[in-house]
Amino acid sequence: MNKQITVFLLALGLMMLGQVTIVDAGMTEDKANMSASDRGDTGEGAYMGYCLPCHGMDGTGNGPLADSLGEGIVPRNFTDGEYMSSRTDEELFKVIKFGGKKSGFSDAMPDWGYNFPDADIKAIVQYIRSDLCKCKYKAD
Ligand code: HEC
């Protein structure tokens with residue numbers, strides 16, 4: 001290939017890379033003001049930020065804070081397919097939104113209704129279902 005053309009293409013490539021980075025940075029800023037569902041997130045980001053400390057990265061309930069919650073208080077194990085299949089999405093949603101206490105569970109499970117709009121909580125429920133439990137509600 002002609003040397004001049006090669007240099008030109010290389011320069012063009014670098015410019016395009018630069019462009020992409022600039023556009024990306026702009027989008028990230030806009031995205032910060034949107035809810036997870038508007039961003040098309042799966043709930044994974046919210047889970048990793050807010051739920052992992054107790055429920056653990058893999059959802060087994062062994063997060064770094066799990067041992068500090070008090071005697072006999074164990075974060076739910078989302079990989080327990082049998083138990084999780086006995087709970088409806090609506091029930092999980094309510095525990096997340098209103099906290100454990102309102103549903104008769106430990107108040108060590110916080111209420112997240114102030115942190116997340118309903119659509120985000122639904123996205124988190126979907127993440128728990130599809131990635132951690134890989135299970136659905138089964139009526140018996
Ligand atoms: C400070 C620790 C802590 C954090 C953080 C936490 N949880 Fe929990 N969670 C618990 C505990 C403890 C329980 C079990 C309560 C019990 O069994 O009495 C629980 C129970 C649950 C349940 C069980 C509901 C059911 O029907 O059995 C769900 C769903 C849940 N948490 C979702 C979440 C989600 C989603 C987040 C993040 C937005 C989160 N939790 C963050 C401690 C926590």
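Reader: Let's start with H6: how many residues has it, and what does it reach from its first C-alpha to its last?

Author: Happy to start there, and note that this is a predicted model. H6 has 16 residues, and at 1.5 Å a residue a span of 22 Å is expected. The helix comes close to that, with a first-to-last C-alpha reach of 21 Å.

Reader: Is Ile128 of that helix buried or exposed?

Author: Ile128 is found in helix H6. Other residues of H6 are buried too, among them Ile124, Val125 and Tyr127. The cut-off for buried is under 20% relative accessible area. Ile128 has 4% relative accessibility, so this residue counts as buried.

Reader: Which residues is Ile128 in contact with, leaving aside its neighbours within four places in sequence?

Author: Tyr47 is 81 residues away from Ile128 in sequence, yet their C-alpha atoms are 8.4 Å apart in space. Contact, however, asks for heavy atoms within 4.5 Å. With the neighbours within four places set aside, the contacts of Ile128 are Phe78, Met84, Ile96, Cys133 and Lys134.

Reader: And how do H3 and H6 lie, roughly parallel or roughly perpendicular to each other?

Author: Their axes come within 9 Å and cross at roughly 95 degrees. On the H3 side the contact is made by Glu44, Ala46, Tyr47 and Met48, and on the H6 side by Ile124, Tyr127 and Leu132. Angles of 65 to 115 degrees count as roughly perpendicular. H3 and H6 are therefore roughly perpendicular.

Reader: Now to the ligand: which residues are the protein donors of its iron atom?

Author: One donor atom is an NE2 and the other an SD, lying 2.0 to 2.2 Å from the iron atom. The pair ties together parts that are 54 residues apart in sequence, because one donor residue lies in helix H3 (residues 44-55) and the other in the loop between helix H5 (89-98) and helix H6 (118-133). The two residues are His55 and Met109.

Reader: Which of these, His55 or Met109, is partly exposed?

Author: His55 has a relative accessible area of 9%, which makes this residue buried. The value for Met109 is 22%. Partly exposed begins where buried, under 20%, ends. The partly exposed residue is Met109.

Reader: What is the arrangement of the six donor atoms around the iron atom?

Author: The angles they subtend run from 86 to 179 degrees. For six donors, opposite ones must be over 155 degrees apart and all others between 65 and 115. The arrangement is therefore octahedral.

Definitions and conventions:
Residues are numbered from 1 along each chain as its sequence is written. This is a predicted model: local features need pLDDT of at least 70, side-chain atom pairs count only at pLDDT 80 or more; totals for chains, interfaces and linings use all residues. Side-chain values use heavy atoms; hydrogens and water are left out. Donors are N, O and S atoms within 2.8 Å of the metal (3.2 Å for Na, K and Ca); water is not among the atoms, so sites may look incomplete. Four donors count as tetrahedral if all angles lie between 85 and 135 degrees; four count as square planar and six as octahedral if opposite donors are over 155 degrees apart and all others between 65 and 115; anything else is irregular. Helices (H or I, at least four residues) and strands (E, at least two) are DSSP runs, numbered from the N terminus. Buried means under 20% relative accessible area, exposed over 50%, partly exposed in between (1.4 Å probe, protein chains only). The expected span of a helix is 1.5 Å times one less than its number of residues. Axes are lines fitted to C-alpha atoms, for helices over the stretch in contact, and angles run from 0 to 180 degrees between N-to-C directions. Angles under 35 degrees count as roughly parallel, over 145 as roughly antiparallel, 65 to 115 as roughly perpendicular and the rest as oblique.
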